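The following exercises concern strand pairing and chain contacts. Each task is followed by a worked solution.

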Protein chains: 2
Amino acid sequence: MRGAVLYAPGDVRFEERDAPKIIEPTDAVIRMSATCVCGSDLWPYRGISPVAQPTPMGHEYCGIVEEVGRAVTSVKPGQFVIGSFFASDNTCPNCKAGYQSSCQHKVFVGDAQAGRLRVPLAEGTLVATPEVPSDDLVPSLLTLSDVMGTGWFAAVAANVKPGTTVAVVGDGAVGLLGVLSAKQMGAGRIIAMSRHDSRQKLAREFGATDIVTERGDEGVARIKDLTNDVGADSVLECVGSQESMMQAIRATRPGGSVGYVGVPHGVDLNGEELFYTHVRLHGGPAPVRRFLPELIQLVWNRKIDPGKVFDLTLPLDQVAEGYRAMDERRAIKTLLRP
Amino acid sequence: MRGAVLYAPGDVRFEERDAPKIIEPTDAVIRMSATCVCGSDLWPYRGISPVAQPTPMGHEYCGIVEEVGRAVTSVKPGQFVIGSFFASDNTCPNCKAGYQSSCQHKVFVGDAQAGRLRVPLAEGTLVATPEVPSDDLVPSLLTLSDVMGTGWFAAVAANVKPGTTVAVVGDGAVGLLGVLSAKQMGAGRIIAMSRHDSRQKLAREFGATDIVTERGDEGVARIKDLTNDVGADSVLECVGSQESMMQAIRATRPGGSVGYVGVPHGVDLNGEELFYTHVRLHGGPAPVRRFLPELIQLVWNRKIDPGKVFDLTLPLDQVAEGYRAMDERRAIKTLLRP
């Protein structure tokens, strides 16, 4: 079986790897229907996170179950399933509280840019669709594995409610799906912070009512202008840099909420500044598993179409070009088909 | 009129100051029934916050209205009133959202350790009791001006609900009243983190079910031991140091909440660590005004007795000894009677 391996910054190879097989009785092996490149894959690709050794890549997946271990009863061969980038048992106290990405037994699934995948803790991790989906639904279903679940969590964590004013920092796929999530949750006004035409267009399609092109303190000032000098009720932070985090915090009204899902890189928060903002802060790696049943229904019934974030589709063996296109911002997000 | 003035670390003097009078039509002048020394007064007293010039002190107050400006109609001379350390108009968007301590026109009330006090924005700031209270109720009513409202806000911000497990970091007056607040809100288990006998005793009296004497990582480990390795649902951070803040964050379960009300001194939060904790963070200067009507009722009907935190009562002219006793931890909190 072949799959993507990152050797060094900028050097992704599609090469022979061991075929996955059942190791634990709680495992499943799936045949990939589609996988993709994540914004967070670009951190090591760009050398911002270190690459210590050749590393299999990819953590977004959906496909057909080929085989399950003897402890797995909730899904069976032939079903189409989706799982999170964190496998979870879905029974520990953290899972029961809805934080499956903090499962006490969580396992990161990190080799999904391949034709087949071993999924640990399959019973707790995988959720099957009602039937095997038609091919046109696959991209949207794939997004539920991470990017859509993450945008959704950003909106949940930012406490988006019907009629409220929401701002979204970051116009990558997560930010755009944060816009879609806020719209779905009934936000009255959705301000997308973006300076790229194609992303602004998709943001509007997903439900953005306003676009702010300024960043940093100027971006904050624009949000204040648009909200009677108060700030937004909810701000979704979908980048993970110091600038974007402070932009999100400062653009939020006292008592409002920041939902932050961009993996922080070099972010330090000054306790005293945070204190006087009166902002609520919640975020972390999205507990995608919590949202899978609800989001599968929304996609299945064609209420949402998050697959629109894929503006480049490539055969899996061209995965290297998929990374390049995203790195150079020629693509928002690359879908890979085995 | 005489009042307390801080000249330098450790040097509080009780000396002649200008008598307060109505300056703006929105002012009131009150005759102090009682005032007190706050834990936050100790920051400059200890030289941790700078003292640039002789500074009038005190921000906790209750008393009888003597005079009001012509724009003040909600309270009148002769009434007993309580107000927050932040005067607020109670009409701006932030006030309406319940964040009066982020009022767009807020004014810090910083000269309350005196016989009389000018209160700006009196219409929005002052709340009258049903009648002039009997003398034994005055200490508890005084706490509503800051320390009880702050402990209450810590519990609200930490999302305390009936039956949940709460931990309280800090055994000063705010922490102890955080315990009382959590109890009043129906917490099932309340873990007070304290290593001082007299404070442990009061914590138990206020509703603490467990005492943890360890601090830092050891304290966190004890909380984990007590909660099946998950962490507390709600943690109240009532100190404001780096150690106490990290202790609070690390003792909270994923998806649980930290309510932080200790004014941060040198606190820096690592974004990446915070991200992976999945903790909710909310706090800031307590919007005491929001809680005044409810808390006045609870004290008036003798449902709560927060005045128990005063374990030293002195005449106002001995204010310097009041600071010393708290600085040396001989007193939890000093009540001052003019």
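**Exercise 1: The contact between the chains**

Task. In this predicted model, determine how many residues of chain A are in contact with chain B, and describe the side of chain A that touches chain B by element and by class.

Solution. Step 1: with contact taken as C-beta atoms within 7 Å, 28 residues of chain A meet 28 residues of chain B. Step 2: on the chain A side, two or more residues each come from α2 (93–96), β15 (252–260), β16 (268–270), α10 (271–277) and β17 (280–283) of chain A. Step 3: sorted by class, this side of chain A holds 13 nonpolar, 11 polar and four charged residues.

**Exercise 2: Pairing across the chains**

Task. State in which sense β16(A) and β16(B) pair, and identify the bridge partner of N270(A).

Solution. Step 1: β16(A) pairs with β16 (residues 268–270) of chain B over three bridges, in the antiparallel sense. Step 2: N270(A) has D268(B), in β16(B), as its bridge partner.

**Exercise 3: An open sheet in chain B**

Task. Explain why one side of β2 and of β4 of chain B is left without a neighbour in the sheet, and locate the helix that packs on the sheet.

Solution. Step 1: the strand order of this open, antiparallel sheet is β2-β1-β4 (chain B). Step 2: β2 (11–16) and β4 (55–56) of chain B are at the edges and have a single partner strand each, so one side of each lacks a neighbour in the sheet. Step 3: β1 (residues 2–8) of chain B and β2(B) form six bridges in the antiparallel sense, with L6(B) opposite V12(B) in β2(B). Step 4: helix α12 (residues 319–327) of chain B packs on the sheet, where α12 touches β1 and β2 of chain B. The direction of this helix makes about 160° with that of β2(B).

Definitions and conventions:
Residues numbered from 1 in each chain as written. Chains lettered and ligands numbered in written order. Predicted model: local features only at pLDDT ≥ 70, side-chain atom pairs only at ≥ 80, totals over all residues. Pairing = 2+ DSSP bridges. Helix = DSSP H or I, 4+ residues; strand = E, 2+ residues; numbered from the N terminus. Contact = placed C-beta atoms within 7 Å. Axes fitted to C-alpha atoms, helices over the stretch in contact; angles between N-to-C directions. Nonpolar A, V, L, I, M, F, W, Y, C, P; charged D, E, K, R; others polar.
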